[in-house]
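Please open the model in your viewer, with both the protein and the ligand displayed, and keep the selection tool at hand. The tour goes from one selection to the next and says at each stop what is to be found there.

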Amino acid sequence: MNWLKTLFPRSKKIPTPKRVPRAEHPISRSLLPSGTLKVLYGLKDAGYEAYVVGGGVRDLLAGMEPKDFDIATNARPEEVRQIFRSCRLVGRRFVIAHVRFGDEISEVTTFRGPITESHERDETGRILADNEYGTLESDAFRRDFTVNAMYYDIRDFSIVDFAGGLDDIKAGVIRLIGDPELRYREDPVRMLRAVRIANKLKFHIEKRTAAPIRKLAPLLREIPAARLFDEVVKLLQCRDAVANLRGLREYGLLPHLLPHADTAMARPQACDFIERALENTAERIAADQTVSAAFLYAALLWPAVQARMQKLCNGDDGHTNIAIAQASDEILLESQRHIVIPKRFSVPMREIWALQPRFDMRRGGRAQRLLTHPRFRAAYDFLLLRAQSGEVSQELADWWTQAQTGGGLPPLTQAAATEEGEAPRKRRRRGGRGRRRPGAQPVAE
Ligand code: ATP
Ligand code: MG
């Protein structure tokens, strides 16, 4: 088929699909959620093909718990809607059916058509219009990695493996289907997916798949900033966040997502701070606690905000509040050129940052007011991270920990009382250039 040759321009050997019978693979119906099974059987009973595909099959075969189970079918979205009462069609260009059973929503996608040379692309090779239906085969070769192109068939419980995904699962390899450069050009987000899925499965990215990433990383600039924001959240708000961040740096992808974080991470203390924040988030996810993208992004950009603030203050501690507000505005604005940070996140981020200097003021009413600030909890968690990475003293963090217990404000140590008893104005008059807080490290941008 011609379109297959387009996908494998330099390769003589185009993979042939393999059907693996139920007895030879470990996926059983008992591993699938009841909603998924209902959708599969609903489609089958109405005379259509229905498969579980993608991350669900991949993760089960790799011995992991899948996040979701996507379903592929030859039924058109309108036909899916006629089968299930609880079906909603979403998406404008390529319509997808969402079928709900109880709390479970299954995503049902009609087989996609092949990518051909006549597809509308931009000047970098990125596919623009993409809304044709196709066959099981064309759908499989549209997918990104071999391990994502395996289909569990509800008719006989076999797995159809189109591109050697089963072998790659066994070998622990993430491999793009087809010519890697072409596939990244079609959709540069696949570079981010390679890093994320490899770390999730503890697989390695195969040599040919890894090779062009560095060179093609700038193509991420072509991706809408909102899509990149979602991808970054998937990469950094998960259990593998630290490994993902390191991967993004290793492959030169981070400068095109969060250039400020990338530059800051050249400094060991900033790197330590950011990685601690990600670890902290990962631990919270593992413990089923809530995590917020605002906190995460606040941490990723904090070293840059701080460096900018120091530049603006030029050693004068007297105008910290104004400087931090200006630094926050500038860093957020510069970051938005790459990824969109929605307002519902950027507003709390600003607040978390703005509250940090207020932790230094522990006397009387100011401390009390800070304790009752609606954003106190997030700002305090942020302070703890700063203390762990040595940016502020542990004594300061401990004091605020105690202050929340309700028994009144704890006493200040002699050193802290002396430090905080001096107004910045007084210090300036004595000719001082503004003393640093104990434990604070100088930061240079
Ligand atoms: P996870 O759900 O664990 O994040 P996933 O691989 O299932 O991983 P989804 O975004 O749910 O990721 O996508 C489902 C499937 O759709 C993938 O397994 C893959 O087959 C296909 N897919 C997703 N994104 C792309 C892409 N950018 N290019 C080609 N195929 C893709
Ligand atoms: Mg998925």
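A helix, as the word is used on this tour, is a DSSP run of H or I that is at least four residues long, and helices are numbered from the N terminus. The model on your screen is a predicted one, and Lys 170, which has its place in helix H6, residues 165–171, will be one of the later stops.

**The whole protein**

Begin by selecting the protein as a whole, colouring it by secondary structure, and you will have 22 helices and ten strands in view. Turn the C-alpha trace along its principal axes, where its span is about 85 × 45 × 40 Å. Of the 445 residues in the protein, 51% are buried.

**The ligand and its shell**

Next, select ligand 1, which takes up the space of the largest pocket, and then extend the selection to the 17 residues that surround it, the closest of which are Arg 58, Asp 187, Arg 190, Arg 196 and Lys 200. If you colour this shell by class, you will find 13 charged residues, three polar ones and one nonpolar one.

Which helices each supply at least two residues of the shell around ligand 1? They are helix H3, residues 55–61, and helix H8, residues 189–201, and it is H8 that gives the largest share of the shell, with five residues.

Now show distances between ligand 1 and the protein, and look at three places in turn. At Asp 187, a polar side-chain atom lies 2.8 Å from a nitrogen atom of the ligand. At Gly 55, the partner is a backbone N or O atom, which is 3.2 Å from an oxygen atom of ligand 1, while at Asp 144 a backbone N or O atom is 3.3 Å from a nitrogen atom of ligand 1. With these contacts on screen, switch to a surface view: ligand 1 taken alone exposes 580 Å², and the protein buries 83% of that area.

**Two buried residues**

From the ligand, move to Gly 56, which belongs to helix H3. Is Gly 56 buried or exposed? Gly 56 counts as buried because its relative accessible area is 1%, and the cut-off for that word is under 20%. Add Asn 148 to the selection, and you will have two residues that are 92 positions apart along the chain but whose C-alpha atoms are separated by 8.8 Å.

Then select Tyr 151, whose place is in strand S7, residues 150–153. Tyr 151 has a relative accessible area of 0%, so it is buried. Draw a line from the C-alpha of Tyr 151 to that of Leu 219, and the distance in space comes to 30 Å, for two residues that are 68 apart in sequence.

**Toward the exposed side chains**

Asn 131 is the next stop, in the loop between strand S6, residues 104–110, and helix H5, residues 136–142. With a relative accessible area of 40%, Asn 131 is partly exposed. Select Phe 94 together with Asn 131, and you will see C-alpha atoms 5.0 Å apart in residues that are 37 apart along the chain.

Return now to helix H6 and select Lys 170, which is exposed because its relative accessible area is 70%, where the cut-off is over 50%. The C-alpha of Lys 170 is separated by 9.9 Å from that of Phe 203, a residue 33 positions away along the chain.

**Two loop residues with a positive phi**

For the last two stops, keep in mind that most residues other than glycine have a negative phi. Lys 202, in the loop between H8 and strand S10, residues 204–205, has a positive phi of about 60 degrees although it is not a glycine. Its relative accessibility is 66%, so Lys 202 counts as exposed.

Finish at Asp 288, in the loop that runs between helix H14, residues 268–286, and helix H15, residues 293–313. The phi of Asp 288 is likewise positive, near 60 degrees, in a residue other than glycine, and at 73% relative accessibility Asp 288 counts as exposed.

Definitions and conventions. Residues numbered from 1 in each chain as written. Chains lettered and ligands numbered in written order. Predicted model: local features only at pLDDT ≥ 70, side-chain atom pairs only at ≥ 80, totals over all residues. Heavy atoms only, no water. Near = heavy atom within 4 Å. Polar contact = N/O pair within 3.5 Å; in protein donor to acceptor, adjacent residues only side chain to side chain. Areas by Shrake-Rupley, 256 points an atom, 1.4 Å probe, with all protein chains shown as cover. 1 Å grid on protein atoms, 1.4 Å probe; cavity = no way out; pocket = protein on both sides within 12 Å on 5 of 7 lines; lining within 4 Å. Sits in = over half its atoms within 2 Å of the grid points. Nonpolar A, V, L, I, M, F, W, Y, C, P; charged D, E, K, R; others polar. Buried < 20%, exposed > 50% of the residue type's maximum accessible area, 1.4 Å probe, protein only.
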